[in-house]
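Good morning, colleagues. Please look at the structure on the screen while I describe how its parts are arranged.

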Amino acid sequence: MTQEVQDESQRISVAVVEDDPMLRQEIEIHLRAHGMVVHSTNSAAGLDDIMAHEAINFFLIDLNLPGESGLSLCERLRESLPQAGIVICSGRTALIDRIAGYKQGGADFYLTKPVSPDELVLVIDSLGRRLKKSATDDRWSLSLRERTLQGPLPEQKLELTVREKTVLVALMQAKDNTLDSGLLCSLFGDANSDRSISKHALEELVARLRKKFKAVQAEGCEQAIKSVWGVGYQLCIRVNFVH
């Protein structure tokens, strides 16, 4: 990895979702001048396209967007990326809109237009310090509906198979997060028979899960799932359910 790529990976990455092209460009230029990596778009759909290829730390979102509303977008982002920084930047100044932005949208800050570019930089820098501090937190979030596991950092998102999700849910709810291999195998039995998967198949399943964790965890991190001699497996990270 080149030094240039390394430096960029450590910079704050901001997505600007604003439907006013002139304002969007002005914000983008100002944030880039302060060393931030900026991706801009005019809609929630455009942001989805960006996030399919880029890891974003912070989101600057207008409420009046074409298609999906900014409030709905904020709510969706907060659910899928609980540690991300979300700033609403809107012309709506009513108290009811501000309350909805914080309570429903999960925004960290609600700024009303016109916003001083320098104030915006200070807000994002403040959130950046919070994000770096929370990066030491090892809590993960499991979405049962989407079958995804989200780590403390935005880029730590795992897509799970049905069987991988089943194993995680069982370990999360077990005493000491530990379960016997036989019990885990029995979770995959055919509903019309007493058959279950073999212990070898379970070993392969756990190995694939470990590989997924290793791909997104920092080097030297504790193994997410460890083998317990004579028993089975133990989940060694803290995971919360999200809906």
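Three elements each supply at least two residues to the lining of the largest cavity: helix H4 (70–80), strand S6 (139–143) and strand S7 (148–150). I should say at once that this is a predicted model. Of the three elements, S7 gives the most to that lining, with 3 residues.

How many cavities of 30 Å³ or more does a search of the whole structure find? The search finds 1. The space in the largest cavity comes to about 80 Å³. The lining consists of 10 residues, and Glu79, Ser80, Ser143, Glu146 and Thr148 are the closest to the centre. By character, the lining divides into 5 polar, 3 charged and 2 nonpolar residues.

Helix H4 also leads us to the first sheet I wish to discuss. Here 5 strands form an open sheet with parallel pairing, in the order S2-S1-S3-S4-S5. At its edges are strand S2 (37–41) and strand S5 (109–112), each of which pairs on one side only. From one strand to the next, the twist averages 20 degrees.

Strand S4 (residues 85–90) runs parallel to S5, and 4 bridges join the two. In this part of the sheet, cysteine 89 stands opposite leucine 111 in S5. Which helices pack on the sheet? Helix H2 (residues 21–33) does so, touching strand S1 (13–17), S2 and strand S3 (58–61), and its direction makes about 170 degrees with that of S2. H4 packs on the sheet as well, touching S1, S3 and S4; the direction of H4 makes about 165 degrees with that of S3.

Let me turn to another sheet. This open sheet has 3 strands in the order S9-S11-S10, and the pairing is antiparallel. Strand S9 (178–180) and strand S10 (225–228) stand at the edges with a single partner strand each, so one side of each has no neighbour in the sheet. Neighbouring strands are turned against each other by 25 degrees on average, direction ignored.

S9 pairs with strand S11 (residues 232–235) in the antiparallel sense over 3 bridges. Threonine 178 stands opposite glutamine 234 in S11. Helix H7 (residues 162–173) packs on this sheet and touches S9, S10 and S11, its direction making about 75 degrees with that of S11. Helix H9 (residues 199–216) packs on the sheet too, where H9 touches S10 and S11; the direction of H9 makes about 145 degrees with that of S10.

Thank you for your attention.

Key: Residues are numbered from 1 along each chain as its sequence is written. This is a predicted model: local features need pLDDT of at least 70, side-chain atom pairs count only at pLDDT 80 or more; totals for chains, interfaces and linings use all residues. Side-chain values use heavy atoms; hydrogens and water are left out. On a 1 Å grid over the protein atoms alone, a cavity is a set of points where a 1.4 Å probe fits but cannot get out, and a pocket is an open set with protein on both sides within 12 Å along at least five of seven lines; lining residues have an atom within 4 Å of a point. Grid points are joined across faces, edges and corners, and a volume is the space filled by probe spheres set on the points. Ala, Val, Leu, Ile, Met, Phe, Trp, Tyr, Cys and Pro count as nonpolar, Asp, Glu, Lys and Arg as charged, and the others, Gly among them, as polar. Two strands pair if DSSP finds at least two bridges between them. Axes are lines fitted to C-alpha atoms, for helices over the stretch in contact, and angles run from 0 to 180 degrees between N-to-C directions. Contact means heavy atoms within 4.5 Å.
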